[in-house]
Amino acid sequence: MMRPCMGSAPPNAVAYESKSPRETLAEMRLGNSRFWTGKSERPNMSMVERRELISGQSPRVMVIGCADSRVPIEIVFDLGIGDVFVCRNAGNLTNDSVAGSIDFAVHVLGIKLVVVMGHQSCGAVKAAMAKPFVAPKPPMLAKMLVGIRESLDYCVEVLDGMEDKTARDREAVIANAQVQVRKIVDEPGIKLKIARKELLVI
């Protein structure tokens, strides 16, 4: 079977390989804390280090995040070039193309941690859960929003019962991220990795 060409492993590969998924998650939380407190380190790589990454990548984590311009993954987690494998789309959704990228990250790159990251004031989730909901005219945008809305049917009564709009929006974002996680972990190959404690998906 042909395997995608990955090139040789970069110098950070050995260090990442030795870390457990939860150790990597703890480091990401520390990086996010540095970002929020204005103490980002943002590793500035030398020209030599950047050139070494041309031959291959060995990211420590995959993040599925929103396309929103206010949440650039590397910056909010204070990560550097080559540290994170990123998929971004409006609403941080899992679809066929994202699923293919997850397979590449987990089964080819050997990533041990996959994070679905929602965010405060997500426009896609807000629009999908608006009361009343009016589908926009662009057909693909409408399809995306209807898909989000349908995936949250299981908790719409709870969300609609919340009087605090800010709290409702926050809980809808969390629920949407949880739905995407469930989609990921239902894939047999991913499920097997999780059962073997080789992968953490949150």
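This report describes the nonpolar cores and the salt bridges of a predicted model.

**Nonpolar cores**

In soluble globular proteins, nonpolar side chains tend to be buried together. The largest nonpolar core here has 31 residues, and within that core V63 and M117 touch the most other members. At least two residues of this core are supplied by each of the following elements: helices α2 (21-36), α4 (73-76), α6 (123-128), α7 (139-151), α8 (156-160) and α9 (165-185), together with strands β1 (61-65) and β3 (113-117). Helix α9 gives the largest share, four residues.

The surroundings of V63 can be listed in detail. Leaving aside neighbours within four places in sequence, V63 is in contact with M28, I73, V84, F85, V86, C87, V115 and M117. Another core, of 18 residues, lies apart from the largest one, and its members include F85, C87, I102 and L109.

**Salt bridges**

Side chains of opposite charge can pair when their charged atoms come close. The structure holds ten salt bridges. Three of them are set out below.

| Salt bridge | Closest N to O distance |
|---|---|
| E27 and R60 | 3.0 Å |
| R168 and D160 | 2.7 Å |
| K165 and D169 | 3.2 Å |

What does the salt bridge between E27 and R60 tie together? E27 belongs to helix α2, whereas R60 lies in the loop between α3 (47-52) and β1, so the pair links parts that are 33 residues apart in sequence. E27 is partly exposed, with a relative accessible area of 28%. Its partner R60 has a relative accessibility of 17% and therefore counts as buried, the cut-off for that class being under 20%.

In the pair formed by R168 and D160, R168 counts as buried because its relative accessibility is 8%. D160, at 33% relative accessibility, counts as partly exposed.

The salt bridge between K165 and D169 is set within one element: both residues lie in helix α9, four residues apart, about one turn of the helix. K165 is exposed, with a relative accessible area of 55%, while D169 is buried at 15%. Elsewhere, salt bridges that share partners join K19, E27, R60 and D83 into one network. The pair of E27 and R60, with N to O at 3.0 Å, thus has both of its residues in that network.

Methods: Residues numbered from 1 in each chain as written. Predicted model: local features only at pLDDT ≥ 70, side-chain atom pairs only at ≥ 80, totals over all residues. Heavy atoms only, no water. Core = buried A, V, L, I, M, F, W, Y, C linked by side-chain atoms within 4.5 Å. Buried < 20%, exposed > 50% of the residue type's maximum accessible area, 1.4 Å probe, protein only. Contact = heavy atoms within 4.5 Å. Salt bridge = Lys/Arg side-chain N within 4 Å of Asp/Glu carboxyl O.
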